[in-house]
Amino acid sequence: MAMAFHFHPLVASRVHFSPLPFAAATGAPSPSSSVAIAAHYHHHGRRRFSAIVATATTTEFNFKAYMEERAVAVNRALDAAIPAGGLPAALHDAMRYALLAGGKRVRPALCLAACAVVGGPESWAMPAAAAVEMVHTMSLVHDDLPCMDDDDLRRGKPTCHVVYGEPIAVLAGDALLSLSFHHMASVGSYPPAVDPEKHPARVVRAIGELARCIGSEGLVAGQVVDLEMTGTSQTVPLELLEYIHLHKTAALLEASVVIGAIIGGGTDEQIEALRKYARSIGLLFQVVDDILDVTKSSEELGKTAGKDLASDKTTYPKLLGLAKSREFAEKLVSDATEQLACFDEEKAAPLLHLANYIAHRQN
Amino acid sequence: MAMSFHFHPLAASRVHFSPLPFAAAAGAPSPSSSVAIAAHHQHGRRRFSAIVATAAAASAATTEFDFKAYMGERAVAVNRALDAAVPAGEPPAALHDAMRYALLAGGKRVRPALCLAACAVVGGPEPWAMPAAAAVEMVHTMSLVHDDLPCMDDDDLRRGKPTCHVVYGEPIAVLAGDALLSLSFHHMASVGSYPPDVDPEKHPARVVRAIGELARCIGSEGLVAGQVVDLEMTGTSETVPLERLEYIHLHKTAALLEASVVIGAIIGGGTDEQIERLRKYARSIGLLFQVVDDILDVTKSSEELGKTAGKDLASDKTTYPKLLGLEKSREFAEELLSDAVEQLACFDKEKAAPLLHLANYIAHRQN
């Protein structure tokens, strides 16, 4: 039977999973220390969002440099994955235009960091890191189409269908999706040092995980439900809002982390802890997005004004209030951080900082 | 390095590949006989039905094989696998309904049949290839759903039924196509899709290779590339040159037929030599499919073919009969069939019977 997978709205964000005792993690690398989590005992009604900064305990780690280095490496891999000048030119140009339009490369960074935290060399996960960015780009290209979100701008640039036309944008999205699997499945994508006996089964598992998180159990499902609510005037209930966000955003973030851990040779226990981490930060991403929407103007966020999807009309601040939304965000960071407790502190630093970055970003 | 792949227009159809000497095919199953290919003296007024003589000679050796029953059984098995692969009744309902509507709309299941037959011809059990057979049909369906969109072919009917975007709307059709494409890879990559008797040591690497092959044949080196070039020629009034027409057909149609056969052979444990021979077979029948399509378009009314009238893609305006003439097109079809049959010469005759009959079926179909 195919791996059964059910999204339980709220479970990733509300149920508090205790980390496994160390003894249960057979084969896990020995942690030299655990990440300290500062406890806050005194509660007061006017806690500010910035209080969440207290969880950052690894100040010697240069997160900004880390992200820039990873973005450069990922951009190089993406540039190499699609030939410039290949035929048909319009298709390859459109794919490159969409894929190389910049971006923070958060999903690839998560993938590489997850590979490293389980003890694998980052280069093993680079094809998977490129693949998740291709998938992310595909979803943006199709989401921007006139029959869907109908966006003309993204990151301040004209969208793919505006530049190349709707037909090429549909097909470029299809080609990027196929390329993500081709790239991950190609033996030549990987460095020679991968474990030749274990690597094929890991790649198969990673491909299955990525495919599942894209389709009718993942990203596409979230977009469908989001569109379905567009025509109605009713407020989306909290459970449905979380369904949309868990599928539309969190699923691919989860895939990024999980496939990095699989390719890196992580144990099942490590992979599941990282899956929980990823779901928490995936939901965190959207909660913070909603908080920023309330507290910042649309010009600062660089988005097209007047969007009308269900997940834009209904937000956490609208359903929970701003204070409760901030508390929820803080809880999600705490949940995510807790899942990293069983890993080596130094190796876990990038993931810890990524969680903090998602929580504290300004756009 | 990723497997380098270059479509050479004309190579699959014009270059005559000699079969490898038997000794070179190390590990190949011992053929009990080769398929006889009757030679025909050339004469200027050969009729298309003359190709039947080749088919009759080639298929005479296997008259006990019931092709109609074979295809009926395979279609039933494939439909059962497809029905099981897409949940009915799970949210989001509109998405799953659209996927099922498109995927379970009937069809001859030729690509899945090719996949299963290729697995069998190299000695693998057909159940090993069933997930791949389902996957190629999902991909085929995805390409039809996206091709039918208003911004592309803008078709309202397919096989006499309203197309996916007509029933469910454009947004759901775009997303259903994406979901079917994802599902094809998910289904092939899932351990639980396969029967327990697959070789546990060799199976993972075979699956990876098959997934790479399928993905390559879909994307900017395959199916999508063909569709893009077809669209690019739509606005022009110029006739498409032969090389370009073959590029379109090799990518838009032949690439997925090739993937169907090749991944069946990979999963079945075929040797590299067997796989390459079957690749050549698949390219020949892939192009044959389109040449026959064009011949039928000239000789039959659009009602009989069940297609929407008035299509205006490049590959609909320019055809082999228009470029080569009807007679030369028929000769070309016969040559392609002969090339395909020749690639099967080194396989066990009984095991190769389905592929032989599939080639004949493609050559002689009436719609």
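Analyst: A residue is called buried when its relative accessible area is under 20%, exposed when that area is over 50%, and partly exposed in between, with a 1.4 Å probe and protein chains only. The model is predicted, so local features need pLDDT of at least 70 and side-chain atom pairs count only at pLDDT 80 or more, while totals for chains, interfaces and linings use all residues. Residues are numbered from 1 along each chain as its sequence is written, chains are lettered from A and ligands numbered from 1 in the order in which they are written, and side-chain values use heavy atoms, without hydrogens and water.

User: Is R96(A) buried or exposed?

Analyst: R96(A) shares a salt bridge (a side-chain nitrogen of Lys or Arg within 4 Å of a carboxyl oxygen of Asp or Glu) with D79(A), at 2.6 Å from N to O. D79(A), at 38% relative accessibility, is partly exposed. R96(A) has a relative accessibility of 18%, and therefore counts as buried.

User: How many residues apart in sequence are the parts that D79(A) and R96(A) tie together?

Analyst: Helices are DSSP runs of H or I with at least four residues, and strands are runs of E with at least two, numbered from the N terminus. D79(A) belongs to helix α2 (residues 63-81) of chain A and R96(A) to helix α3 (residues 89-99) of chain A, so the pair ties together parts whose separation in sequence, in residues, is 17.

User: Which helix holds both R216(B) and E213(B)?

Analyst: R216(B) and E213(B) form a salt bridge, with their closest N and O atoms 2.4 Å apart. R216(B) is buried at 3% relative accessible area, and E213(B) is buried at 2%. Three residues, about one turn, separate the two within chain B's helix α9.
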